[in-house]
Amino acid sequence: MRSPLSFRANLRHRTISRRMRYPADFQVPSCRDPSSKGSTVVEPESVYDAWLASREIPGQPGSYLVPGAPRALNTKNAQLALYVTRTCTLDFLRMLWMLNPFKTTLMMALNIIRSLFPAFRGYSQALIVDELQSLIASESFTWSRLLYLVSTEVFRRVIEGCLDSYAASNESEVLGSARFYIEHKQMEQRLRLDVPTLADPTVRVLLQESDLFARSFGGGGFGMLSPMDFINVISLTTEIASHLFLIVSLTRGAFHFGILFLSIFSTTLPFFLSWFNYSRDPAEAATTTTEAEACDRQERLRNLAYSDIHRPEIALFGLSDWILQSWSSARKVVLSFEQPSYARNTSIVDQFNLTELVGSVQNIPLLLLLKGSSTSLGSLTVYRSSIQSLVYASRNLVTTTKMVFQGLFLMSAFTAGMKLKPKLNPKREDMARYVSVQGGASIVARRGLSYTYPGSDKPALKNVNFSLKAGETLAIVGYNGSGKSTLAKILLRIVDYDKGSLLVNSVNVRNYHPAEYHSHLSAVFQGFSKFSSTLKENVGLGNIEKIGYVPAIQAAIHLAEADKFVESLPHGLKTMLATPGFESMSYPGLMNFGESSKRHDLSGGEWQKVALARAFMRAKEPGVDLLIFDEPVNHSLCVLRSYYTGLTILQTSSLDALAQSQITATLKSISRTPTGERTKTIIYITHSVSTARSADKIAMMKDGTITEFGTHEELLAKKDGGYATLYNAAQGIPSP
């Protein structure tokens, strides 16, 4: 810092206490236990190991700090920080430097030069005071001479202020580009990871600290860390060294030591003239409608990237690139309007600090008293200003060093997170291209397909075996908790199975890259996503290439039997839909969007139709071979019952027949050619056995396994079978 009241001091004076808080008892299990190493500090094998080891609570092997908690300053963490510095710090800074080499180099050089200003300023003022003292002692003092000296100092300050203003503007641009780059990489990192990877507790903590690091570039998050803190350590050290050099060069003899002691004492006294340096922060500019819309959109897109709820559909429909590009566009708009904290107080007037200048001139009355003395009051001025700056610079150096120490471990989390690979991605040598077969997709589950959710002891799926030919329709029935939705997630490659094997088109599904495999699927999830956006986007996200093609969206809505309620919406496809749990960012400009910005509530049945339409956006594409619908029939039945009778729970055989007919017709229309040839394999999960009977094959599930598999007639022939019992109960036929 160049002076206690300067722009850089005001900007960089921060405290460690502004960190995010998490529950104190939060502990993270780890696949790699650093406690096994004992108290001996062992060289980490990777940046990930260094990050994980730094989180271990001292004296409590196996226990870990909460995400974002400060690391203790001890020998072990110091060695880990040194390892991180050697391993990735230079590469990270080089990466930021490559974003704008010239301006970044200029920023670093100007910061070093500006760190020399305080010492030069003190020396310049000392020369003025010494000359005034000499003029007074020689009895040739004139006000014109004083005015000349002060004017010279003011001119020097203006030049310094111009340089400061340019440096701050350049710094703002460099840090702005770095901020966007890091946030973009963080979004990209989140979007490319799959559900199994994100289910790992240690990975989730790693990403939390990586997120803190990314957010710190915006002036928030962990201790308001900034990439400038690394540069500030150098500039503060240079500033301290320059002041020490100036003090040592002027200190000669016992008398000067006395002045030095007096100066040290005076720095502890209050600064009576500090009111001259008042804040001139400009008023916050009013948020424009464009900025408010961009802020709202960037927040909604960020929620998509970070939400576990939306993760399956983001993966299935390949939304990562679209989300990233849309967020980038909105983020650039926001940054163009935003005035970062480091860009404030950059005017020349703000750089002109009256306190120091008046503090120098206030010694003039003392000069009159010491007229004829050989004492150098310039030395006193240098001592006072340099020691004062030394105190503040040293304090800020300690604070900044602590920030850098903590920031190294957050940076290690960011670096390690960038190296994470999705667990579902096959090895390069095992990867197989997806090749469509005639009629749809053939599926064979064998060798007892099984799956257990992380953290659970009870398998959600066990010993599942079945075979489905290309173009066939499979209905999966069973009670809640029988494993139907889990089987759907495995078939969709949202989660991986633990045992057994799954072949799609005679190829192990693990050998397909998930993105390529998903491009040949469409689905409706039981917990389908409700995107906080327009109806048009909610439907269009099912086929990102046609998200702006209205005829395709209208066709999908028609297939989902949603024409009626869409026509009733206030703005049709442009209606903003209200989603539970989403709160828009509060910006003044949000109030000026107009009527189209008001969010419209949908019923559960209406949302179900939106999800169906989203799936139908891709379902009719020629390359899509497999369609999976997780319990859409029950919701559709409720909607149809409500539409035809006005009641949501009325059940009649004629109405069920009508609903079944509607659904069966829709499935046939999207899975067959006009001549009746089958082009897609369909799997749907349902509680309605009356709907299931139209399928080619039926799988009855219970306790995580398939207990019965066959046609409707074959299963009905098993008098004591679970399917026959369920079907007879639905038809009102008493059990034998």
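A helix axis is here a line fitted to C-alpha atoms over the stretch in contact, and the angle between two axes, taken between N-to-C directions, runs from 0 to 180 degrees. With that in mind, this predicted model can be read through two pairs of packed helices, one pair being α3 and α4 and another being α11 and α13. The points below also take up buried residues in helices, two residues with positive phi, and the cysteines.

**Helices that pack against each other**

- Helix α3, which covers residues 75–99, packs against helix α4, which covers residues 101–115, at an angle of about 115°, and their axes are 5 Å apart.
- On the α3 side this contact is made by L96, W97, M98 and L99, while α4 contributes P101, T104 and T105; sorted by character, the residues of the contact are five nonpolar and two polar, with no charged residue.
- Helix α11 (residues 289–306) and helix α13 (residues 320–337) have axes that come within 8 Å of each other and cross at roughly 145°, and the crossing of α11 past α13 is left-handed.
- In this second contact, T290, E291, A294, C295, R297, Q298, L301, R302 and L304 of α11 meet W322, I323, S326, W327, A330, R331, V333, V334 and F337 of α13, and the residues involved divide into eleven nonpolar, three polar and four charged.

**Buried residues in helices**

- Helix α2, made of residues 47–54, is mostly covered, since seven of its eight residues are buried; these are V47, D49, A50, W51, L52, A53 and S54.
- In helix α21, which spans residues 550–559, the buried residues are A552, I553, A556, I557 and L559.
- Why do the buried residues of α21 line one face of the helix? Seen down the axis of α21, they fall within an arc of 160°, so one face of the helix is lined by them.
- As background to this pattern, an α-helix has 3.6 residues a turn, so residues three or four places apart point the same way.
- Helix α9, covering residues 228–250, contains E239, which counts as buried because its relative accessibility is 1%, whereas the cut-off for buried is under 20%.
- E239 and L390 are 151 residues apart along the chain, and yet their C-alpha atoms are separated by 8.1 Å.

**Positive phi in residues other than glycine**

- N505 has a positive phi, near 55°, although the residue is not glycine, and N505 is placed in the loop between β4 (499–504) and β5 (507–508).
- Is N505 buried or exposed? With a relative accessible area of 8%, N505 is buried.
- E561 likewise has a positive phi, of about 60°, and is not a glycine; E561 follows α21 and is found in the loop between α21 and α22 (563–568).
- The relative accessible area of E561 is 35%, so E561 is partly exposed, a class that lies between the cut-offs of 20% for buried and 50% for exposed.

**Cysteines**

- How many disulfides does a search of the whole structure find? The search finds zero disulfides.
- C88 counts as buried, because its relative accessibility is 5%, whereas C162, with a relative accessible area of 35%, is partly exposed.
- Another cysteine, C295, belongs to α11 and takes part in the contact with α13.

Definitions and conventions
Residues are numbered from 1 along each chain as its sequence is written. This is a predicted model: local features need pLDDT of at least 70, side-chain atom pairs count only at pLDDT 80 or more; totals for chains, interfaces and linings use all residues. Side-chain values use heavy atoms; hydrogens and water are left out. Helices (H or I, at least four residues) and strands (E, at least two) are DSSP runs, numbered from the N terminus. Contact means heavy atoms within 4.5 Å. Ala, Val, Leu, Ile, Met, Phe, Trp, Tyr, Cys and Pro count as nonpolar, Asp, Glu, Lys and Arg as charged, and the others, Gly among them, as polar. Buried means under 20% relative accessible area, exposed over 50%, partly exposed in between (1.4 Å probe, protein chains only). The arc is that of the directions from the helix axis to the C-beta atoms. A crossing is left-handed if the near helix is turned anticlockwise from the far one by less than a right angle, and right-handed if clockwise. A disulfide is a pair of cysteine sulfur atoms within 2.5 Å.
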